[in-house]
Amino acid sequence: MKTYQHLFFDLDHTLWDYDRNVSESLQELYEIYTLKELGIPTFEKFFEAFHAVNFKLWDWYNIGKIDKINLRKERFPMIFSHAGGRVDAIPLEFEEDFMHRTSSKPHVFPYSKEILTYLKEKYRVHVITNGFNESQAKKMKSSGLDVFFELVVTSETTGHKKPDVRIFEYALTELKTNPEHCLMIGDNPNSDILGAQQAQIDQVYFNPKGKSIALTPTYEIRHLRELEQLL
């Protein structure tokens with residue numbers, strides 16, 4: 001085992017429970033805005049449409065096909081259209097309400113805070129995320145994760161998105177360190193694992209569902225508690 005000095009964590013789907021927090025927010029929005037009256041028959045239909053559209057938009061964002069402004073502008077019109085709802089009737093504040101509600105949710109993956117408490121005594125701990133500054137900061141504060149991190153690097157700050165090696169190089173420069181002293185921990189095979197590999201940084205693939213991937217990460221875990229055995 002190498003002697004690491006810096007640990008880089010992904011945020012969404014690794015520490016912050018994106019799926020649970022988003023699901024709660026969408027359920028609230030479906031009821032508050034009575035979306036059944038706007039042509040979306042069930043919450044399940046709305047939820048399915050959100051996942052189909054949102055992941056596509058984030059894929060586009062990650063490859064530079066769409067920017068932050070247009071991602072947020074297009075998201076719910078595309079979701080309503082996918083779900084058979086009335087696009088012309090989407091409340092003006094819907095996107096902002098979604099962002100506020102979701103970012104304010106506190107749910108994290110099991111053992112997130114416990115493992116960060118353990119690791120913070122031994123390493124310098126940071127975040128590298130493709131999310132936007134305001135929403136990621138709010139997520140960390142609302143969930144109590146903000147107290148654990150020294151450096152938070154976002155794609156919005158750097159102008160580069162994982163797996164682009166430049167977002168990792170930005171972190172290395174800010175910390176005045178080298179790749180061999182760092183370890184990236186994340187759930188996304190492309191942005192987290194491939195990105196870190198391209199930056200010559202070791203990786204921990206957080207894989208709670210046991211998915212098969214084409215890459216070979218340095219380490220693989222199914223539960224965050226397993227980091228205690230690695231580190």
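Visitor: Leaving aside its neighbours within four places in sequence, which residues is Lys-139 in contact with?
Guide: This is a predicted model. Lys-139 has its place in helix H6. Once neighbours within four places in sequence are set aside, the residues in contact with Lys-139 are Leu-11, Asp-12, Trp-16 and Ser-103.

Visitor: Does Lys-139 count as buried or exposed, and at what relative accessibility?
Guide: Buried means under 20% relative accessible area. Lys-139 falls under that cut-off, so Lys-139 counts as buried, at a relative accessibility of 7%.

Visitor: At which residue does helix H3 bend?
Guide: Helix H3 covers residues 68–83 and reaches 23 Å from its first C-alpha to its last, close to the 22 Å expected. Its axis still turns by about 30 degrees, and a proline, Pro-77, follows the bend within four residues. The residue at the bend is Glu-74.

Visitor: What covers the buried residues of H3?
Guide: The buried residues of H3 are Leu-71, Arg-72, Arg-75, Phe-76, Ile-79, Phe-80 and Ala-83. Their cover includes helix H1 (18–32), helix H2 (43–62), helix H4 (94–103) and helix H6 (133–143).

Visitor: Is H3 roughly parallel or roughly perpendicular to H4?
Guide: The axes of H3 and H4 are 9 Å apart and meet at an angle of about 100 degrees. Angles of 65 to 115 degrees count as roughly perpendicular. H3 is therefore, with respect to H4, roughly perpendicular.

Visitor: Which residues of H4 make the contact with H3?
Guide: H3 and H4 pack with their axes 9 Å apart. On the H3 side, the contact is made by Arg-72, Arg-75, Phe-76 and Phe-80. On the H4 side, the residues are Phe-94, Glu-95, Phe-98 and Met-99.

Visitor: Which residue follows H3, and what is the sign of its phi?
Guide: The residue that follows H3 is Gly-84. Its phi is near 85 degrees, and the sign is positive.

Visitor: Which strands stand at the edges of the sheet?
Guide: The sheet is open, with six parallel-paired strands in the order S3-S2-S1-S4-S5-S6. A strand at the edge has a single partner, so one of its sides is left without a neighbour in the sheet. The edge strands are S3 (151–154) and S6 (219–221).

Visitor: What is the bridge partner of Ile-128 in S3?
Guide: Strand S2 (residues 124–129) runs parallel to S3, and four bridges join them. The partner of Ile-128 in S3 is Val-153.

Visitor: At what angle does helix H9 run to S5?
Guide: Helix H9 (residues 189–198) lies across strand S4 (182–186) and strand S5 (202–206). Its angle to S5 is about 165 degrees.

Definitions and conventions:
Residues numbered from 1 in each chain as written. Predicted model: local features only at pLDDT ≥ 70, side-chain atom pairs only at ≥ 80, totals over all residues. Heavy atoms only, no water. Helix = DSSP H or I, 4+ residues; strand = E, 2+ residues; numbered from the N terminus. Expected span 1.5 Å × (residues − 1). Bend = angle between axes of the 7 residues up to and from the residue. Buried < 20%, exposed > 50% of the residue type's maximum accessible area, 1.4 Å probe, protein only. Contact = heavy atoms within 4.5 Å. Pairing = 2+ DSSP bridges. Axes fitted to C-alpha atoms, helices over the stretch in contact; angles between N-to-C directions. Parallel < 35°, antiparallel > 145°, perpendicular 65-115°, else oblique.
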